[in-house]
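Student: Could you take me through a close look at the sheet in this structure, and at the helices that lie across it?

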Amino acid sequence: MGRRKTTHAWIRGHLNDPYVQQAQRQGYRSRAAFKLLEIADSDRLFRRGMQVIDLGAAPGGWSQVAARRVGPEGRVVALDIAEMAPLPGVVFVQGDMELDATVETLLRALGTAMADLVISDVAPHLSGVAAADQARSVRLAEAAVDLATRLLKPDGVFLVKMFQGSGFPEYLALLRRRFARVVTRKPKASRDRSREIYLLARGVVPEDSGVVPDQGLG
Ligand SMILES: C[S@@+](CC[C@H](N)C(=O)[O-])C[C@H]1O[C@@H](n2cnc3c(N)ncnc32)[C@H](O)[C@@H]1O
């Protein structure tokens, strides 16, 4: 099939997608909001008053969900390399999450508080070269786990999107070293054909603690 036909088929599929239509009706900026809502409900991710960091936040669907769930007494700090239009209850930081300067800005935005929850839906802009795109996704997910372990409270929670393929087993092993419990989630709103999967990790393991983390995978 030619590139133009493929693009037309994708656009038609996207417009007919029930989650895209639901996102438009409910005022969410992305269909991805429904993936987070599903995991939030099954795994009780949010409480009012929480401090949340949203990595790779633009256009803002996850931040909208987070801000609604934590309420005005909580705080949502959103980060993206791209611009994001303002959202009520969300502090936006524009920057590359792989740069130290961005991490410093995030720390300042959090103030003295540590985060209760770090959510990462970061994905690279695709080049079309599958192996290069997968390698870039893994690198970004690694940057996300580094940030999360620096910014989270000891009993904090980290939710991260990953793509199954090269580097995935190693990434899962890394998460299991850095967190006490790790489970996988594939929400219904995540298209079956997509290799994306969400990893939910709880309890930061201090480095060199000697603690042997739970290897269970739900
Ligand atoms: C799938 S989108 C996130 C969608 C978002 N969760 C929502 O619900 O609207 C992935 C985002 O990761 C961002 N991203 C990619 N590389 C990044 C980097 N190095 N630093 C920060 N953000 C990055 C992209 O700009 C993009 O906005």
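Tutor: What follows goes from the sheet to the helices, and then to the place where two helices meet.

The model is a predicted one, and in it seven strands form an open sheet whose order is β3-β2-β1-β4-β5-β7-β6, with mixed pairing. At the edges stand β3, residues 90–94, and β6, residues 179–185, each of which pairs on one side only. From one strand to the next the twist averages 15°. Within this sheet, strand β4 (residues 115–120) and strand β5 (residues 152–163) run parallel and are joined by five bridges, and here Leu117 stands opposite Val157 in β5.

Turning to the helices, α5, which spans residues 100–110, lies across β1 (51–55), β2 (75–80), β3 and β4, and it runs at about 165° to β2. Helix α7, made of residues 168–178, lies across β5, β6 and β7 (196–204), and its direction is at about 20° to β7.

Two packed helices are described by the angle between their axes and the distance between the axes. For α5 and helix α6 (residues 130–151), the axes come within 12 Å and cross at roughly 35°, and the crossing is right-handed. On the α5 side the contact is made by Val103, Glu104, Leu106, Leu107 and Leu110, while α6 contributes Leu147, Arg150 and Leu151. Sorted by character, the residues of this contact between α5 and α6 comprise six nonpolar and two charged, with no polar ones.

Key: Residues are numbered from 1 along each chain as its sequence is written. This is a predicted model: local features need pLDDT of at least 70, side-chain atom pairs count only at pLDDT 80 or more; totals for chains, interfaces and linings use all residues. Side-chain values use heavy atoms; hydrogens and water are left out. Two strands pair if DSSP finds at least two bridges between them. Helices (H or I, at least four residues) and strands (E, at least two) are DSSP runs, numbered from the N terminus. Axes are lines fitted to C-alpha atoms, for helices over the stretch in contact, and angles run from 0 to 180 degrees between N-to-C directions. Contact means heavy atoms within 4.5 Å. A crossing is left-handed if the near helix is turned anticlockwise from the far one by less than a right angle, and right-handed if clockwise. Ala, Val, Leu, Ile, Met, Phe, Trp, Tyr, Cys and Pro count as nonpolar, Asp, Glu, Lys and Arg as charged, and the others, Gly among them, as polar.
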